[in-house]
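These are my notebook entries on a structure that I am reading through for a new reader. I set down what I looked up, in the order in which I looked.

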Amino acid sequence: SVSENIFLGRGVPRGAAGQIDWSAMRSRAAALLSTLGVALDPSTKMRGLSIADQQMVELAAALSQKARVLLMDEPTAALTPGEVANLFRIVRRLRDEGVAIVFISHRLEEVFSISDRITVLRDGGFVGTRRVSETSTAEIISMMVGRPLGEMYEKPSASIGEPLLAVENLGSGARFQGVSLEVRRGEIVGMAGLVGAGRTEVAETIFGLRPRTGGRVLLDGKEVAIDGPRDAIARGIAYVPEDRQKHGLLMPFSIASNTTLASERRISRLGWLLRRRERDVAEKYRALLRTRCRDVAQPVRELSGGNQQKVVLSKWLMTEPDVLILDEPTRGVDVGAKAEVHHAMGELARAGKAILMISSDLPEVLAMSDRIIVMKEGRVTGRLARDEATQERVMAAATGQTAAPPPSAPTPLSSSSSPSSSPDVARSSLATPPSPAAATAHHSLEAPAAAAAAEANWWLRFRELGIAIFVVLALLAATLVDPGFARWSNFRSILLYIPLIVVVAMGQMMVIVSRNIDLSVGSILGLASIMVGFVFVRNPDFPVWAAGLLALGIGGALGLINGVLVAYLRVPSIIATLGTLSAYRGLIFIYSGGKQVDPNDIPDRVIAFSNVPAAVPWIVIWAAVLAALTHLFLKYTNFGREVFAIGSNPPAAALRGIPVRRDLALIFTITGALSGFAGLMWASRFPTINPGSVGSGFELIVISAVIIGGTSVFGGAGSVLGTVLGCVLLGTIYIALPALRISGFYQLAIYGAAILVAAVIDRAAQVRMSRRAQAL
């Protein structure tokens, strides 16, 4: 929730007993948000908020710490002009209250608007510092690039030829309709518009990434059918996507592998890659685009944003395309890299390539385009030639205005005069205070966000209710098929089997919430059970309480090994616990020598814990108490909240000061300890402890119960109530199937099917929430 994001890892309000004080947390969060002029319900889930409101929550978190220094790294990257103005209003207020602010941005107009002093870095080194009142845009760019401003948007003249790419009345469902454009040889056509105008969707449709529901695509005057990227590449079209890391590159791969990825046939023979040829090609494009790297064998993830973008360009240039579609080609790169990308674009145009450039950077669009197409809400609203295009005309078309709005001067943070500006760089009006209508629109997101949060809760409650209903229906169906099923012995078996699942599931739930999995819980249960059993064989008078501590200790030690492997040695949990599953299972046989513990070796006082007299059996009480304590632990302790934070977003959790590795190790240790204690319960419930069967396959039952109970396989969400209901369901199935004369082999199929169904439900809910967030 909003309140949790503000305080988690930053001084959570506590009650008299040290528990999280939820009421105080919400009240303090509301007060902080009110000081920022943001009307958000502190209980609203973050997933339903807009980017701007998420930024406000981050600022509220900074205020909650009474921060003296505030570092803001590209805080406006995804904000609208009105949202930027609101953010700057708050930043100025914090400045007036004595907060020292470092504002990092690639947007020079924002830097000049909000700063008192500007420090320039280039290639990791300090270049210089200037007071805003004593410098100009031209000087700052020169310091950043290392050459005069005029070279930033260098576009060599090119001979413009015949139309190469043309689209007529192109449409893709509700995203956009009726888009027509053409790009000629040697021409750069810019596409401008606000976020959500449909520009990226047009590019994706041309390239075959999105289905075309209307219109035609023509190359060299001939209509072509493009059903996917492979068709587009074969016809000489290349597409540089907006998000280079998500869609443009394979981050663990080398520069050379990424460069040749779309043209592997050119560097292979009979299907075998020619590594020398691959390296030579990568070196060629490295030199052509002046990519800075140690070696082309270097992983691309180690490069700066600008150099990563050059690798994306290299990949597509190697396909020798005639048409290049560039979506935000310089987003998130420094000014020096931007100038080099612009230079490469100009050279490509001069070589006769047709370039369609999508950009939200108006100075870039104005300087690099031969013609400009403007879109608004999925339709073309303006077509401007290079000599008639101005920032005001483009914005007028992008916002649906009939007349260009007058330019507005930015409001500087300091009281000094505004810096001198170069005519080569258009200044935007991002610092203009928002209108009342804009402020109203900004705060009107609260209701949809609350609705999105309520919808998420509904999904979880629906599943919990559905599980409860399914349990009742399963019992009724079994009774109808075989009236003898209603015997007390069957209900006793169900009652005594469920606690074993519940105890282990409480730990497994925390593991899965943290985006991990523990496949070794069955083996830990088995090893603890067999070791405690042989303790009783050797010493029948061994105290039961000491046996309980021994089981907890054995399980905790084995769980700690899992935790160290996952948290500190960074072994993926599915690999680490798959290995320890086999290792611990082997230890069962080594320790027991293949011998089982017989019922007469287990003291009656241990077996008595599973007896069913008039009172409730002790193992049921233990499971119920543990479930209640787990609920309180997760809801009212810092560690409990940290478990959900790690699963929701591990990097963000680390940035809040949460000790992610320590917490993960502790989660696995707790899970191991609970599995070990379940080993003692197993000895009470099943006095014959056979090394070949004790705990075997139990991990599948537990994981199924947790996931069926609503714990998200994607981490960050789960409930104790849902998990307990999942345990009840699987415990009922485990006992009901044999009673109905159905082969036990069907159990595995049912468990697997249940996991798949639960995962599909989770995915559907996640997609639904994501679409709601995007709509906001």
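I began with a single residue: Asp327 stands opposite Ile358 in strand 14. The model is a predicted one, in which local features need pLDDT of at least 70 and side-chain atom pairs count only at pLDDT 80 or more, while totals for chains, interfaces and linings use all residues. Residues are numbered from 1 along each chain as its sequence is written, and side-chain values use heavy atoms, with hydrogens and water left out.

**Entry: the sheet of 6 strands.** I looked up the pairing of strand 13 (residues 323-327) with strand 14 (residues 354-358), and found it parallel over 5 bridges. Strands here are DSSP runs of E with at least two residues, helices are runs of H or I with at least four, and both are numbered from the N terminus; two strands pair if DSSP finds at least two bridges between them. Both belong to an open sheet of 6 strands with mixed pairing, in the order 10-13-14-7-15-16. At its edges I noted strand 10 (237-240) and strand 16 (379-385), each of which pairs on one side only. From one strand to the next, the twist averages 15°.

**Entry: helices on the sheets.** Which strands does helix 7 (residues 199-207) lie across? I listed strand 7 (188-192), strand 10, strand 13, strand 14 and strand 15 (371-376), with the helix running at about 145° to strand 10. Axes are lines fitted to C-alpha atoms, for helices over the stretch in contact (heavy atoms within 4.5 Å), and angles run from 0 to 180 degrees between N-to-C directions. Helix 7 also lies across strand 5 and strand 6, at about 110° to strand 5.

**Entry: the sheet of 4 strands.** I found this open sheet to be antiparallel, in the order 6-5-8-9. Its edge strands are strand 6 (176-184) and strand 9 (222-223), each pairing on one side only. Strand 5 (residues 163-172) and strand 8 (residues 214-219) run antiparallel and are joined by 5 bridges. Glu168 has Arg216 as its bridge partner in strand 8.

**Entry: cavities.** How many cavities of 30 Å³ or more does the structure hold? I recorded 2. A cavity is a set of points, on a 1 Å grid over the protein atoms alone, where a 1.4 Å probe fits but cannot get out, and its lining residues have an atom within 4 Å of a point. Grid points are joined across faces, edges and corners, and the volume is the space filled by probe spheres set on the points.

The largest cavity has a volume of about 50 Å³. Its lining has 7 nonpolar residues (Ala, Val, Leu, Ile, Met, Phe, Trp, Tyr, Cys and Pro count as such), no polar and no charged ones (Asp, Glu, Lys and Arg are charged; the others, Gly among them, are polar). Helix 3 (residues 51-64) gives the largest share of that lining, 3 residues.

The second largest cavity holds about 30 Å³ of space. Among its lining residues I noted Thr259, Tyr285 and Arg286. Helix 11 supplies the largest share, 3 residues.

**Entry: confidence.** The protein chain averages a pLDDT (the predictor's confidence in each residue, from 0 to 100) of 81, and 84% of the residues score at least 70. Helix 16 (residues 436-443) is lowest, at a mean of 39, and helix 20 (residues 544-568) highest, at 94.

Conventions:
On a 1 Å grid over the protein atoms alone, a cavity is a set of points where a 1.4 Å probe fits but cannot get out, and a pocket is an open set with protein on both sides within 12 Å along at least five of seven lines; lining residues have an atom within 4 Å of a point.
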